[in-house]
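Let's take a walk through a protein model together. Keep the 3D view open and turn it as you read.

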Amino acid sequence: MAIEVVSGSVTPLSGKTTVVATPTAELKTIPLHLGGSSFKKSASEIIELVASRSSASSAVYVYDVAEQVGFGTLTKSWSTSVESSAPVISLQTRAGAGLSLVGRLSEGTSQDAAKGAVLTAYTTPTGLAAMAQSLLYLPPASASSRLVIQVPAVTSIGETFALSPTLAPLSTTIGLLPNNIVVLLSATPQESIDLAMLSYKLISSHVIHIFDHHSSSREVGHPFVPALPLKEAPGLTVPEAIRWSGYSLFDYAGDQSAHTVLVFLNGPLALIAKALAGRVRGLGVVVVRVLRPWDGDALREVIPSSVKEVYVFDDVPNEATQGSLFVDVFGSLYDPTSPGPVVRGQRTTPGTTQKYLSTPSLFTDALLHLAHIPSAALAAQPSSQRKLLFFSKPKSTLSALPQIVSDTFAKTIPTRLLTAHDVFSKAGGVTADRVVLSSREESASPVSVSGVFPLGGDSAGEADFIGVLEPSLLKSHSVLSYAKRGSAILVVTPWESTELLANLSSDVLSLARERKLRIYTIDARAAAATLAGETGPAHEAVQNLIVHLAFLRLYLGRAATESVVGKLAHGAAEDVFHGIELAKINAAAWADLVEVELPAEAPLTAAEGEAKAPAPLKQFEFNAIAVETDDGSTIVNGAKLSSWHDAAKHLLIPSIFIPPPAATTESYPQIPALRPEVPERTFLVTCTVNRRLTPHEYDRNVFHLEFDTAGTGLKYAIGEALGVHGWNDEREVLDFLAWYGVDPGRLITIPVVAGEGEMHTRTVLQALQQQIDLFGQPPKSFYTDLAAYATNPTDKFALLFIGSPEGASTFKKLSEKDTVTFAEVMQRYPSARPGIETLCEMIGDIKPRHYSIASAQSVVGDRVDLLVVTVDWVTPSGSPRYGQCTRYLAGLKVGQKVTVSIKPSVMKLPPDNLQPIIMAGLGTGAAPFRAFLQHRALLAAQNIPVGPTYYYFGSRHRSQEYLYGEEIEAYILDGTITKAGLAFSRDGARKVYIQHLMLEDAGTLADMLKNREGVFYLCGPTWPVPDVYEALVGALVKEQGYDREGAGAFLEGLKEEERYVLEVY
């Protein structure tokens, strides 16, 4: 018999449980009204089930921000695999989010409006804030045309990206919503399901339902009762519908003669406050369940007449922002004609919310202080709850264990399980599973698991038992700090006792002695290997069972005997488990459990005092809800990061993911794995020469590159350009990733451009170094797109302003003067933190930089040469800037591989070798003319007649920047160059430029262009173009009898004939 895992579709046979289950048969067959069933799934799963039925929704719009917090993945899966599921449309959250919903419901603009459409959207508070402006244009709701938005209340906050249930992003949004939208707030799992179902019964209104996805709705173990059947009735008002469902617009809890009342939006803090109000006198709590439409009369009815003070707790992004709840409450209670309670605001920032949730005692003290109630008045409340805590790595072999433990107790006592992840504090992530066991009486308390079992950094210890399923966490995280005095610690490890103690810091050992912790170890892997072999499904299942048996022994304490533990295990396994007698497995678990004897004092090392102090241990921070999808990818807070299973597939079986080469007659076909994200035909060439041409003390670094193309099939024509697919600077990328909190080695799956669903996998470092234009200049649209992810209103409004027409001058300054990069924009507005994959998509790819080829393949063979100058400058603020690709090329080492492509160019030699050519190159603009000269020299060596070749070159100093000077002098001597005009502008008392030398040859140049089919080329910067143009016009006027207008028209005609060719930049 396999050990059943309730919250996932995978059992310990595989050892890989999903954090959010795939659709099971149980969920597939449940009707919308739950059919009277009572079963154990998370409320969030059931809300998805309710919303995704085709009987409830015509279509479900899943916004990226919802899926990033683990809500919507099931719906997308069901849409393709389960009958009666509504179709799903995936959308990104950006400026104007929600307009597609409005458009589909609007009369006259949508076919669906005529035939009826009940649309469902999934988004988060941040996403809803971005949609608010669009919702102003919603048409009136009707039975056949309305919108329901399901909002899992989870928001990423702070430098650690901790996930919070705060509704701060909505502080300034609620007041903007039109009157035809109902806003429902739910906190408990049952309430979340009931109000989700009610959302589809309010047929005269659009509905926004916000529920606690931070904790309660994700908890597994709540038995749900069916909701009362509620028929759709157009005449049913919101208060009537709420009452019919067994709820009220406002809940009141506490003393009916209270002098102080606290008002909360329905959520986890409200539940803690309600529990407190039932334990003291003089305090009452009002919980707002229906935020819109606001009913001031209903609020006044629930507040006792004895109340003197009302404190309104408003979720706000900062203390300078006034929330809408205070305005609503104040407006309802203020009466200038009669004295009433004093209404005061309590602005609760996301940081404060997080502090209260991680340390509920601080929250309790704050509430008692406001109510003028001494802490001593709060009598100690005995509790029979038992709290179990398991630490592991995501999707490890023992990931299923907490669910197995929960299932064991759930058959007899109320049990709740909550899973959380920390993906930033350790490579691979950390998973914390909390299991709360309660009496029947205590299970009636609505407080969520995160409220009764917090994982605050300064916790005095809440856990009665801690299972450390990944021993390396003892060296990186302060896992024992969560242990209650006298609790048992089980470490699953191959370490002997002495090795375990050696891996515990002196502070941890001191804590263990102070709290009298009992530490045990068991080598489950070795025991399972002995019983079931080294690997395989049976090995993993037996590992889980062995640790489960060890846990049961420690949990039972003195009452534990081998036979009692074996009997309890029958709930998870039969007498014969994977062909092995359960008694034999139990005996192994009993024999292999070892108690670690703690030393009386921390052992001193010989070098203590001299050795470097160990790094402080980290605290667990809930910052990720991971969702394992069918294809093995993992979404973590906005980043679709590949699991190591997917990585292994790509690395070990590349043929599955890299398409085989298409049938071709090419001798050197395209390599499929070589930069698959770019559409151009690419080649992998090898750097053989990287030589600086200018002196080292000169302020311009002009350098010559040669690449070996042998065996690549790379062919190029004279004058064509080489596209270099350069890389970003590795150090700068690593610094950015460290600031952004992303592991450089984590894998990311990126779609291939125009690849029709093809994907390629690489590490985050590889993506940002080789592909993503992180240090490029952002367009205006980037600021607007980024604003959707800003949690700080100041950042959000600044980004929206820059992206708006009114911010044109600011954008111009940022892009043209400050030349800010994508990375710098992120650092200027740090609260805007899209997930790493989303960020990659927003930024886009590095564009290849094209350089005129400085060689003729007819001469150099399997080689391609470039002439490059390093681009660098300093911004007005003093920040250095570098050209991305020239910096990359300047740092190339001999032997280094470079990805390149070929781009056609207008710089072509004339079809007739006897046609005169006039070449004018400034600085590195000499590159294509070196190829021209090489080819004409080859023709001459083969006794093939060629026409006159005039070469003009300009730079600042002959001694420092006469590029390819020795070659030019040789070409002058052998006659390849008929006439050279060399202009070194800073060498003489008077600045001389190429146009001055061209004027000296005006007669010859005009003759060649007018009478001999000559071709003129200019390559280099744009600034001399007008002067060169004037020089040629002057020559034609003086020597060929044109007036200025006629000379200009003649040159325009040469452009059409490709005899007046400009390649400037």
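We can start with a charged residue. At 28% relative accessibility, Lys 76 counts as partly exposed. Its salt-bridge partner is Glu 67, and the closest N and O atoms of the two are 3.1 Å apart. Glu 67 is buried, because its relative accessible area is 13% and the cut-off for buried is under 20%. Keep in mind that you're looking at a predicted model.

**Salt bridges**

How many salt bridges are there? The count comes to 26. Here are three of them, with the distance between the closest N and O atoms or from N to O.

| Pair | Distance |
|---|---|
| Glu 67 and Lys 76 | 3.1 Å |
| Glu 706 and Arg 863 | 3.7 Å |
| Arg 887 and Glu 732 | 3.0 Å |

Take the pair of Glu 706 and Arg 863, whose closest N and O atoms are 3.7 Å apart. Glu 706 sits in strand β28 (residues 702–708) and Arg 863 in strand β33 (residues 863–869), so this salt bridge ties together parts that are 157 residues apart in sequence. Is Glu 706 buried or exposed? Glu 706 is buried, at 12% relative accessible area. Arg 863, on the other hand, is partly exposed, with a value of 23%.

Now find Arg 887 and Glu 732, whose side chains meet in a salt bridge of 3.0 Å, N to O. This pair also links distant parts of the chain: Arg 887 belongs to helix α35 (residues 884–890) and Glu 732 to helix α27 (residues 730–740), 155 residues apart. Both ends are partly exposed, with Arg 887 at 31% relative accessibility and Glu 732 at a relative accessible area of 28%. Some salt bridges share partners, too: Glu 706, Arg 863, Asp 865, Arg 930 and Glu 967 are joined that way into one network.

**A covered strand: β38**

Next, go to strand β38 (residues 949–955), where 7 of the 7 residues are buried. In a regular strand, side chains alternate between the two faces of the sheet. Which residues of β38 are on each side? Thr 949, Tyr 951, Phe 953 and Ser 955 are on one side, with Tyr 950, Tyr 952 and Gly 954 on the other, and all of these are buried.

β38 has a parallel partner in strand β37 (residues 917–922), joined to it by 6 bridges. Within that pairing, Gly 921 stands opposite Phe 953. To get from β37 to β38, the chain passes through helix α36 (residues 927–941), and this β-α-β crossover is right-handed.

Strand β39 (residues 979–984) pairs with β38 as well, again in the parallel sense and over 6 bridges. Here you'll find Gly 954 opposite Ala 983 of β39.

**Another covered strand: β11**

Now turn to strand β11 (residues 283–288). All 6 of its 6 residues are buried, so β11 is largely enclosed by the rest of the structure. Leu 283, Val 285 and Val 287 point one way, while Gly 284, Val 286 and Val 288 point the other way.

What are the partners of β11? Strand β9 (residues 250–254) pairs with β11 in the antiparallel sense over 5 bridges, whereas β10 runs parallel to β11 and is joined to it by 6 bridges. Val 285 is a handy residue to click on: Val 285 is the bridge partner of Ala 253, and also of Leu 262. Together, β10, α10 and β11 make a right-handed β-α-β unit.

**An enclosed space**

Rolling a probe the size of a water molecule over the atoms shows where empty space is left. In this model, the count comes to 7 cavities of 30 Å³ or more. Let's look at the second largest cavity, with a volume of about 210 Å³. It is lined by 21 residues, and the closest to its centre are Leu 265, Asn 266, Gly 267, Pro 268 and Asp 315.

Which strands and helix each supply at least two residues of this lining? They are β7 (181–186), β8 (206–211), β10 (260–265), α10 (268–277) and β13 (309–315). As for chemistry, the lining of the second largest cavity divides into 12 nonpolar, 6 polar and 3 charged residues. Notice that β10 and α10 turn up here as contributors to the lining, and they are also parts of the right-handed unit with β11.

Definitions and conventions: Residues are numbered from 1 along each chain as its sequence is written. This is a predicted model: local features need pLDDT of at least 70, side-chain atom pairs count only at pLDDT 80 or more; totals for chains, interfaces and linings use all residues. Side-chain values use heavy atoms; hydrogens and water are left out. Buried means under 20% relative accessible area, exposed over 50%, partly exposed in between (1.4 Å probe, protein chains only). Helices (H or I, at least four residues) and strands (E, at least two) are DSSP runs, numbered from the N terminus. Two strands pair if DSSP finds at least two bridges between them. A crossover is right-handed if, with the strands pointing away from the viewer, the path from the first strand over the helix to the second runs clockwise. On a 1 Å grid over the protein atoms alone, a cavity is a set of points where a 1.4 Å probe fits but cannot get out, and a pocket is an open set with protein on both sides within 12 Å along at least five of seven lines; lining residues have an atom within 4 Å of a point. Grid points are joined across faces, edges and corners, and a volume is the space filled by probe spheres set on the points. Ala, Val, Leu, Ile, Met, Phe, Trp, Tyr, Cys and Pro count as nonpolar, Asp, Glu, Lys and Arg as charged, and the others, Gly among them, as polar. A salt bridge is a side-chain nitrogen of Lys or Arg within 4 Å of a carboxyl oxygen of Asp or Glu.
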